[in-house]
Amino acid sequence: MAKVIMTCGKICSGKTTYAEKMRRELSAVILSVDEIMLAVFDSDAGDKHDEYVKRIKNYLLNKSVVLIETGINVILDWGLWTKAERQYAREFYKSKNIESEIHFISISDEEWKKRIEIRNSLIISGKTSAYFIDEGLAEKVNTLFEMPDISEVDVWVNQ
């Protein structure tokens with residue numbers, strides 16, 4: 001039976017790159033909140049951003065079940081920033097008898113800051129479409145992100 005892999009990590013930690021690698025290895029489909037948000041709203045979601053993200057996550061959780069039931073492996077490419085979100089996702093799949101794994105993408109603060117600079121440069125030059133990470137967003141991530149403990153993670157990936 002197909003399974004779901006959930007990526008966990010801060011914004012700009014390498015989750016999408018890792019998801020692409022896993023997609024090729026597992027012949028999987030990637031379900032990405034950022035991909036939908038950027039395609040639909042670009043950077044214009046404003047103060048409704050968090051509400052839209054929540055709605056998209058719920059939609060993608062349900063869509064992932066349909067894909068898995070048809071035999072397609074799924075990779076959820078979003079951060080699972082809080083322990084509560086990780087627990088909810090685990091229970092969601094467990095209640096449907098779907099195998100799930102959480103893969104944590106670990107990154108040092110120094111490397112994280114370097115990647116943010118590179119990403120922001122690529123956005124400014126028009127070479128990529130992603131969220132620009134200003135000090136406010138970086139602070140929000142650091143405030144919201146709850147480091148998982150080893151018991152929550154199936155695969156620990158060091159970047």
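**Cysteines, a sheet and two helices**

This predicted model contains 0 disulfides. Let us see why that is, starting with a little chemistry. A disulfide is a covalent bond linking the sulfur atoms of two cysteines. To be counted as one, the two sulfur atoms must lie within 2.5 Å. Now look at Cys8: the closest cysteine sulfur belongs to Cys12 and is 15 Å away, so the two are too far apart for a bond. Seen from the other side, Cys12 is in no disulfide either, with the sulfur of Cys8 as its nearest cysteine sulfur at 15 Å.

Are these two cysteines buried or exposed? Cys8 has 0% relative accessibility and therefore counts as buried. Cys12, at 12%, counts as buried too, because the cut-off for buried is under 20%.

Next, find the sheet. It is an open one, built from 5 strands with parallel pairing, and its order is β2-β3-β1-β4-β5. At the edges stand β2 (28-32) and β5 (155-158); each has a single partner strand, so one side of each has no neighbour in the sheet. From one strand to the next, the twist averages 20°.

Let us step inside the sheet for a moment. Strand β1 (residues 3-8) runs parallel to β4 (residues 99-106), and 6 bridges join them. For example, Thr7 has His103 in β4 as its bridge partner.

Finally, add the helices. Helix α1 (residues 15-26) lies across β1, β2, β3, β4 and β5, and runs at about 175° to β3 (73-77). Helix α2 (residues 33-41) lies across β2 and β3, running at about 55° to β2.

Definitions and conventions
Residues numbered from 1 in each chain as written. Predicted model: local features only at pLDDT ≥ 70, side-chain atom pairs only at ≥ 80, totals over all residues. Heavy atoms only, no water. Buried < 20%, exposed > 50% of the residue type's maximum accessible area, 1.4 Å probe, protein only. Pairing = 2+ DSSP bridges. Helix = DSSP H or I, 4+ residues; strand = E, 2+ residues; numbered from the N terminus. Axes fitted to C-alpha atoms, helices over the stretch in contact; angles between N-to-C directions. Contact = heavy atoms within 4.5 Å.
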